[in-house]
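Here is a friendly note to help you find your way around. Please open the structure beside it and follow the points one by one.

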Amino acid sequence: MRQVRALPDRALVVELGVWQGRSVLALAEACRGTAKRVFAIDPWADYDEGGGPVSGYLAQYGVTSFEEVYQAYRAHCRHLALDPWIVTVRAPSVETARTWRHGPVSLVFIDASHHYDAVSADLEAWVPLVRPDGIVCGDDWEWDSVRRAVEDFVARHPGHAIELPCDNTWAFVVKPR
Ligand SMILES: C[S@@+](CC[C@H](N)C(=O)[O-])C[C@H]1O[C@@H](n2cnc3c(N)ncnc32)[C@H](O)[C@@H]1O
């Protein structure tokens with residue numbers, strides 16, 4: 001929230017992987033009253049992050065379907081009156097990046113599938129859309145697959161130093177082009 005508040009007005013923020021909205025609603029709260037917008041990108045459909053289809057263990061999160069998760073997210077947006085600062089995109093992250101026409105992104109928060117290949121694909125697709133000196137960050141640094149994907153991406157693209165690892169969250173600043 002502090003990073004988003006520090007962005008200039010009209011800045012664009014993106015979250016990949018929304019679930020019921022906990023982190024995207026925090027990002028949107030930091031935009032309240034400004035011309036900044038948060039794009040909340042998630043297909044809300046079944047996926048596999050290495051342990052079999054996630055639909056197979058939705059019950060442990062107290063839900064029965066991805067549609068129910070989406071409806072809970074929408075209810076949270078309405079309850080907090082944050083709709084004016086959120087653009088919801090119900091589609092996969094990489095597909096959304098391919099058709100992105102909204103301009104340079106100032107901050108992207110990556111929290112979609114934690115599979116190594118998925119995190120790598122999100123980084124390859126979205127980092128080119130982030131403005132120089134913009135922030136690329138995400139959740140679950142403690143996941144081996146996430147950490148390896150971020151470290152390998154930074155190794156493949158020298159200049160993006162991982163600068164701000166913080167507890168379970170990771171981040172780097174996009175190098176000047
Ligand atoms: C760990 S949860 C996100 C948690 C959320 N950020 C929060 O604050 O609670 C992962 C989410 O990624 C979504 N997801 C899976 N594959 C995706 C993809 N290809 N693009 C975008 N989101 C995806 C899932 O539907 C799920 O809602």
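Which residues line the largest cavity?

1. A word on the source: what you see is a predicted model. With that in mind, let us start with the cavity. Its lining is made up of Ile110, Asp111, Ala112, His114, Val119, Asp139, Val146 and Trp170. Sorted by class, these lining residues are 5 nonpolar, 1 polar and 2 charged. The space inside the largest cavity comes to about 30 Å³, and a search of the whole structure turns up 1 cavity of 30 Å³ or more.

2. Next, have a look at two helices. H5 covers residues 116-126 and H6 covers residues 144-156; their axes come within 8 Å and cross at roughly 40°. Angles from 35 to 65 degrees fall in the oblique class, and H5 and H6 are therefore oblique to each other. The crossing of the two is right-handed.

3. Where do H5 and H6 meet? From H5 come Tyr116, Val119, Ser120, Leu123 and Glu124, and from H6 come Ser145, Val146, Arg148, Ala149, Val150, Asp152, Phe153 and Arg156. By class, this contact holds 7 nonpolar, 2 polar and 4 charged residues. You may recognise two names here: Val119 of H5 and Val146 of H6 take part in the contact, and Val119 and Val146 also belong to the lining of the largest cavity.

4. Now turn to the largest pocket, with a volume of about 850 Å³. Its lining counts 35 residues, and Trp19, Tyr47, Asp111, Ala112 and His114 are the ones nearest the centre. Helix H2 (22-29), helix H4 (93-98) and H5 are the elements that give two or more residues to this lining. H5 provides the largest share, 3 residues. By class, the lining of the largest pocket splits into 19 nonpolar, 8 polar and 8 charged residues. Asp111, Ala112 and His114 are worth finding on screen, as they are also in the lining of the largest cavity.

5. Finally, the second largest pocket has a volume of about 480 Å³. Of its 16 lining residues, Met1, Gln3, Phe109, Cys137 and Thr169 lie closest to the centre. At least two lining residues each come from helix H1 (2-5), H2, strand E4 (105-110), strand E5 (130-138) and strand E6 (170-173). The class count for this second lining is 12 nonpolar, 3 polar and 1 charged.

Technical notes
Residues numbered from 1 in each chain as written. Predicted model: local features only at pLDDT ≥ 70, side-chain atom pairs only at ≥ 80, totals over all residues. Heavy atoms only, no water. Axes fitted to C-alpha atoms, helices over the stretch in contact; angles between N-to-C directions. Helix = DSSP H or I, 4+ residues; strand = E, 2+ residues; numbered from the N terminus. Parallel < 35°, antiparallel > 145°, perpendicular 65-115°, else oblique. Left-handed = near helix turned anticlockwise from the far one by under 90°. Contact = heavy atoms within 4.5 Å. Nonpolar A, V, L, I, M, F, W, Y, C, P; charged D, E, K, R; others polar. 1 Å grid on protein atoms, 1.4 Å probe; cavity = no way out; pocket = protein on both sides within 12 Å on 5 of 7 lines; lining within 4 Å. Points joined across faces, edges and corners; volume = space filled by probe spheres on them.
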